Amino acid sequence: MLELGSGYGATAVATARAGYDVTAVEISDRADYLGRLFDDVTPGALTTHRADFYEVELDGRFDIVCYWNGFGIGSDADQRRLLERIGSTWLEPDGVALIDVFNPFVWAAWDGDEEHHPAVPEAGYQFDLHQRISFDPVTCVATDAWWESTAPERPIQQSLRCYTPADLELLLDGTGLSLSAIVVGDTPSPREQAPALLGEEFEYLAILHRSE
C-alpha cells in the first residue's frame, strides 16, 4: 500500500501492524516521527519517504494507493497531476485508489461559522483558539482559518477545493482513473445516501480504479 501525505504516520503504522507492506510519503518533518515513535512494526513492513509526492520516484506499483483528508489542497491542475501519477505510475492494473474528497454541500452550509476552542490544560491542550470557516460558491473552495485568542491578527488558514461526485468524475477524465463508488459515512453510497452527502459528512471516500 502507498499512503500519500501520511503526516505523523499513525494510519500508516496501523496498516503495517495489520499485515500490509506500506510505503508512506510525507513532505514535512512529520515524516521523521515514523521511525522514532513506532519501532515495533515488523522490519520492512513500513518504508517512509520525506518527499514531495508530486516529485518522488518510487520503485514498483501498489495494490492500494490512499490519500486521507488532503485531496483538494492546491489547484484543479495539481489534483489532476496527482491523479495521473496514481493511474499511470503507481497503481497496479487491478489495484484500487482510496481518496477522501471534501464535500462542498456541508462546507457551504458552514460558511460564516465561527467557534471558540478553549484551552483544557488538565487534558494537555494548552491553546485557546478560534476557528472561522468561509466558502466561495463560485470556486467551490472552503477556507478554514484558525488563530490564537491573543493574536487574531495572525490567523493560520488553509484553502480546500471541494468536489461533488459529478465534479470529481469530470476531473478524472483523461487521468487513467475512473470512479467506481463513493462511501458516505460508513456505508457504500450512492443515491440512498444522499441525505448524508447533503448535510452530515464533510468528506466522502472516493473509490477509484484504473480505466479500461
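**A walk through the predicted fold**

The side chain of Asp100 comes within 3.1 Å of the backbone nitrogen of Asn69. That is a handy place to enter this model, which is predicted. Asp100 belongs to strand β5, and with a relative accessible area of 12% it falls under the 20% limit, so it counts as buried. Setting aside neighbours within four places in sequence, Asp100 touches Tyr67, Trp68, Asn69, Phe71, Glu203, Tyr204 and Leu205.

Its partner Asn69 sits in strand β4. At 42% relative accessibility, Asn69 is partly exposed. Its backbone is also a little out of the ordinary: most residues other than glycine have a negative phi, yet phi of Asn69 is near 55°, a positive value. Cys140 shows a positive phi too, near 60°. Cys140 is located in the loop between β7 (129–136) and β8 (141–148), and its relative accessible area of 15% makes it buried.

Stepping back to the whole chain, the model has six helices and 12 strands. Of its 212 residues, 42% are buried. The exposed surface comes to about 11600 Å², and carbon and sulfur atoms supply 51% of that area. Among contacts with a separation of 6 or more, 60% are between residues 24 or more positions apart.

Phe71 is a good guide to the interior. This residue of strand β4 has a relative accessibility of 1% and so counts as buried. Beyond its neighbours within four places in sequence, Phe71 has a list of contacts that includes Gln79, Leu83, Ile99, Asp100, Val101, Phe102, Arg161, Tyr163, Leu168 and Leu171. Nonpolar side chains in soluble globular proteins tend to be buried together. Here, the largest nonpolar core has 32 residues, and Leu4, Phe71, Ile86, Trp90, Leu168, Tyr204 and Leu208 are the ones touching the most other members. At least two residues of this core come from each of β1, β4, α3, β5, α5, β10 and β12. There is also a second, separate core of 15 residues, with Val13, Leu46, Ile64 and Leu205 among them.

Aromatic rings come into the picture as well. A search of the whole structure turns up eight aromatic pairs. In one of them, the rings of Phe71 and Tyr163 have centres 5.8 Å apart and planes at 45°, so this pair is tilted. The two residues are 92 positions apart, and the pair links distant parts of the chain: Phe71 is in β4 (residues 62–71), while Tyr163 is in the loop between β9 (156–161) and α5 (165–172). Like Phe71, Tyr163 is buried at 1% relative accessibility. Elsewhere among the rings, Phe102, Trp107, Trp110 and Phe202 are joined by ring pairs into a cluster.

Helix α3 is another contributor to the largest core. Covering residues 76–90, α3 has 15 residues and spans 20 Å from its first C-alpha to its last, close to the 21 Å expected at 1.5 Å a residue. An α-helix has 3.6 residues a turn, so residues three or four places apart point the same way. The buried residues of α3 are Gln79, Leu82, Leu83, Arg85, Ile86, Gly87 and Trp90. Two of these, Ile86 and Trp90, also appear among the core members that touch the most others. The cover over the buried residues of α3 includes β1 (2–4), β4, β5 (91–102), α5, β10 (177–184) and β12 (203–210).

A final stop is Ser149, in the loop between β8 and β9. With a relative accessible area of 31%, Ser149 is partly exposed. Leaving out neighbours within four places in sequence, its contacts are His116, Asp128, Leu129 and His130. With Asp128 there is a polar contact, side chain to side chain, at 2.2 Å. As for His130, Ser149 is 19 residues away in sequence, with 6.4 Å between the two C-alpha atoms.

How values were computed:
Residues numbered from 1 in each chain as written. Predicted model: local features only at pLDDT ≥ 70, side-chain atom pairs only at ≥ 80, totals over all residues. Heavy atoms only, no water. Helix = DSSP H or I, 4+ residues; strand = E, 2+ residues; numbered from the N terminus. Buried < 20%, exposed > 50% of the residue type's maximum accessible area, 1.4 Å probe, protein only. Contact = heavy atoms within 4.5 Å. Areas by Shrake-Rupley, 256 points an atom, 1.4 Å probe, with all protein chains shown as cover. Phe/Tyr/Trp six-rings, centres within 6.5 Å; stacked < 30°, edge-to-face > 60°. Expected span 1.5 Å × (residues − 1). Polar contact = N/O pair within 3.5 Å; in protein donor to acceptor, adjacent residues only side chain to side chain. Core = buried A, V, L, I, M, F, W, Y, C linked by side-chain atoms within 4.5 Å.
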